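Work through the exercises below with the model open. Try each task before reading its solution.

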Amino acid sequence: MTAEKVFQGIYDYEVRSAGTENNARVKVTSGHIGWADLIFVMEKKHVRRLQERFGDLLSQKKIVCLNIPDDFQFMDDELIEILIASVSQHIELPIVFDRLS
């Protein structure tokens, strides 16, 4: 959810957040998978869960595991810095983000 808030509207990127846990507020669906051009996940276990649940739908999708522990609080400053540094390795971000990381 933090990533969605941080990156929404940047360079006209459309961003959605959904979880792989059973207790996630918004659980990832096949609709999310079909909609996405690029899928970022925090941990390897999230990649495994997506592959188990949506294997065939993922064949044409790029999944990027950021290797960030999924144990931060919403909008945690450290998490925001890590997200910006990690995501900027995969997509173009505005120069203002470079100054934050």
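**Exercise 1. Describe the fold and judge its compactness.**

Solution. The model is predicted. Start with the secondary structure: the protein chain has five helices and two strands. Their order along the sequence is α-α-β-α-β-α-α. Next, take the radius of gyration, 13 Å. The globule rule gives 13 Å for 101 residues, so the chain is as compact as a globular protein of that length. The C-alpha trace spans about 40 × 25 × 20 Å along its principal axes. Finally, check contact range: of contacts between residues at least 6 apart in sequence, 53% join residues at least 24 apart.

**Exercise 2. Locate the nonpolar cores.**

Solution. Begin with the general expectation: in soluble globular proteins, nonpolar side chains tend to be buried together. Here the largest nonpolar core has 15 residues. Phe 7, Leu 66 and Leu 93 are among those with the most contacts inside it. Helices α1 and α4 (77-87) each supply at least two residues of this core. α4 gives the most, with five. Apart from this core lies another, of nine residues, including Val 41 and Phe 54.

**Exercise 3. Is Thr 2 buried or exposed, and what does its side chain reach?**

Solution. Place the residue first: Thr 2 lies in helix α1 (residues 2-7). Its relative accessibility is 6%. The cut-off for buried is under 20%, so Thr 2 counts as buried. Now follow the side chain: it reaches the backbone nitrogen of Met 75 at 2.8 Å. Beyond four places in sequence, Thr 2 also touches residues including Phe 74, Ile 80 and Leu 83.

Note on methods: Residues numbered from 1 in each chain as written. Predicted model: local features only at pLDDT ≥ 70, side-chain atom pairs only at ≥ 80, totals over all residues. Heavy atoms only, no water. Helix = DSSP H or I, 4+ residues; strand = E, 2+ residues; numbered from the N terminus. Buried < 20%, exposed > 50% of the residue type's maximum accessible area, 1.4 Å probe, protein only. Polar contact = N/O pair within 3.5 Å; in protein donor to acceptor, adjacent residues only side chain to side chain. Contact = heavy atoms within 4.5 Å. Core = buried A, V, L, I, M, F, W, Y, C linked by side-chain atoms within 4.5 Å. Rg over C-alpha atoms; globule rule 2.2 N^0.38 Å.
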